[in-house]
Amino acid sequence: MKPIELDLNLLPIVVALCEERSVSRAAERLGVSQPTLSGALARLRAALNDELFIRSGGAMVPTPRALALLQPVRELLARVHEDILAPADFVPAQLQGTVTVALSDVGELVFLPRLMEALRAEAPQATLQSVNLPHQALEDALESGQVDLALGYFPDLAGTNVFQQRLFDHHFVCLIRAGHPHATGERLSIAQFMAMDHAVVRAPGRSQEVFERFLKDQRISRKVVLTTPHFLSIAAIVARSDLLVTVPHALGVTFGRSEHGLKAVAPPFEAPPIELRQHWHRKFHQAPRTMWLRALAARLFNDANDEYGRAGGAAAAAPAKAALPRSA
């Protein structure tokens with residue numbers, strides 16, 4: 001049987017089309033024109049004797065052959081990039097292209113400003129991209145190298161192929177209107193917390209689950225009058241109401257100021273901390289680029305260098321232990 005003659009330069013098309021499901025978006029991702037990609041796809045189809053991608057419902061749907069190729073091609077491209085194309089000595093100042101980190105919206109508040117500042121200083125030719133992906137897509141993106149690091153609270157990234165390192169802990173604080181009768185102290189009482197109307201943020205980020213699970217375990221009931229998936233609007237809503245919202249304390253430091261019409265106060269119990277970590281795929285554990293980025297994150301974000309932890313007031317103080325009432 002005559003061996004297949006295959007141009008290996010065509011292989012990135014498989015990954016790009018499988019993930020983008022669009023010729024135009026795949027072409028943009030690969031930095032080529034749409035006609036160029038269409039011509040390359042035709043050559044790949046001829047070489048492999050398979051349609052590979054079929055247009056259906058406005059999308060390019062992979063055939064079983066294309067799906068079977070996806071993982072081997074990803075691994076091959078990663079090996080080529082890391083073992084063959086990567087420079088022997090990694091110099092951050094020479095780094096070009098995009099550094100991609102996975103962050104929640106609260107994670108962007110905590111990590112992105114200082115990371116951007118450091119990247120501009122150490123790798124000025126690189127660009128920084130933040131993405132927010134569901135668990136399985138994030139693990140796949142770490143494996144393929146599309147995402148360099150995941151920073152924050154990602155409890156689902158616990159498999160053997162994802163390495164992680166603790167950076168620091170954050171906790172929870174309450175935000176209330178600055179003129180609220182309960183805003184006179186630095187800590188709410190149990191009775192005040194239980195009596196107030198609550199707003200609850202159920203954002204795609206997972207940190208709020210820690211607090212909600214704690215309340216459930218302690219059988220603490222609240223009167224919830226507002227549920228929203230967004231943190232962005234919650235400061236304005238609470239500032240114009242008598243609602244109480246419990247948030248990660250980075251938000252308390254940011255919004256618990258007079259100019260926002262809010263005050264951050266400590267909850268009346270010791271809620272569990274949010275352990276923030278950095279995560280990367282084991283394939284890139286020894287990759288110079290990833291090693292540099294991990295070291296940078298560890299240097300910027302740790303217990304001794306937490307700018308929110310150093311901030312004063314109730315938003316930074318760890319909540320004290322208190323007896324917890326239990327609902328029936």
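This is a short talk on one sheet, the helices lying across it, and some of the salt bridges in this structure.

Okay, hi everyone. Before anything else, please keep in mind that we're looking at a predicted model.

Let's start with the sheet. In what order do its strands come? Reading across, you get β4-β3-β5-β12-β6. That's an open sheet of 5 strands, and the pairing is mixed. If the word "mixed" is new to you, strands of a sheet pair through backbone hydrogen bonds, and they can do that parallel or antiparallel. Which strands stand at the edges? Those are β4, residues 126-131, and β6. Each has a single partner strand, so one side of each is left without a neighbour in the sheet. On average, neighbouring strands here are turned by 25° against each other, ignoring direction.

One pairing to look at is β3, residues 97-102, with β5: they run in the parallel sense, over 2 bridges. If you want a spot to click on, try A102, which sits opposite A150 in β5.

Now the helices. Helix α5, residues 105-122, lies across β3, β4, β5, β6 and β12, and runs at about 170° to β4. Then there's α11, lying across β3, β5, β6 and β12, and for this helix the angle of about 170° is to β12.

Right, on to salt bridges. How many does the structure hold? There are 14. I'll just pick out a few.

One of them joins the side chains of D148 and R289, at 2.9 Å from N to O. This pair links distant parts of the chain: D148 is in the loop between α6 and β5, R289 is in helix α11, and they're 141 residues apart. Is D148 buried or exposed? It counts as buried, because its relative accessibility is 8% and the cut-off for buried is under 20%.

Next up, D303 and R166, again a salt bridge, with the closest N and O atoms 2.9 Å apart. D303 lies in the loop between α11 and α12, while R166 is in strand β6, so this pair ties together parts that are 137 residues apart in sequence. So β6, one of those edge strands, carries a salt-bridge partner, R166. R166 itself is partly exposed, at 32% relative accessibility.

Then we have E275 and R277, whose side chains meet at 2.4 Å, N to O. Both count as partly exposed: E275 at 29% and R277 at 23%.

Last one: E19, E20, R25, R29 and R74 are joined into one network by salt bridges that share partners.

That's my tour, thanks for listening!

Key:
Residues numbered from 1 in each chain as written. Predicted model: local features only at pLDDT ≥ 70, side-chain atom pairs only at ≥ 80, totals over all residues. Heavy atoms only, no water. Salt bridge = Lys/Arg side-chain N within 4 Å of Asp/Glu carboxyl O. Helix = DSSP H or I, 4+ residues; strand = E, 2+ residues; numbered from the N terminus. Buried < 20%, exposed > 50% of the residue type's maximum accessible area, 1.4 Å probe, protein only. Pairing = 2+ DSSP bridges. Axes fitted to C-alpha atoms, helices over the stretch in contact; angles between N-to-C directions. Contact = heavy atoms within 4.5 Å.
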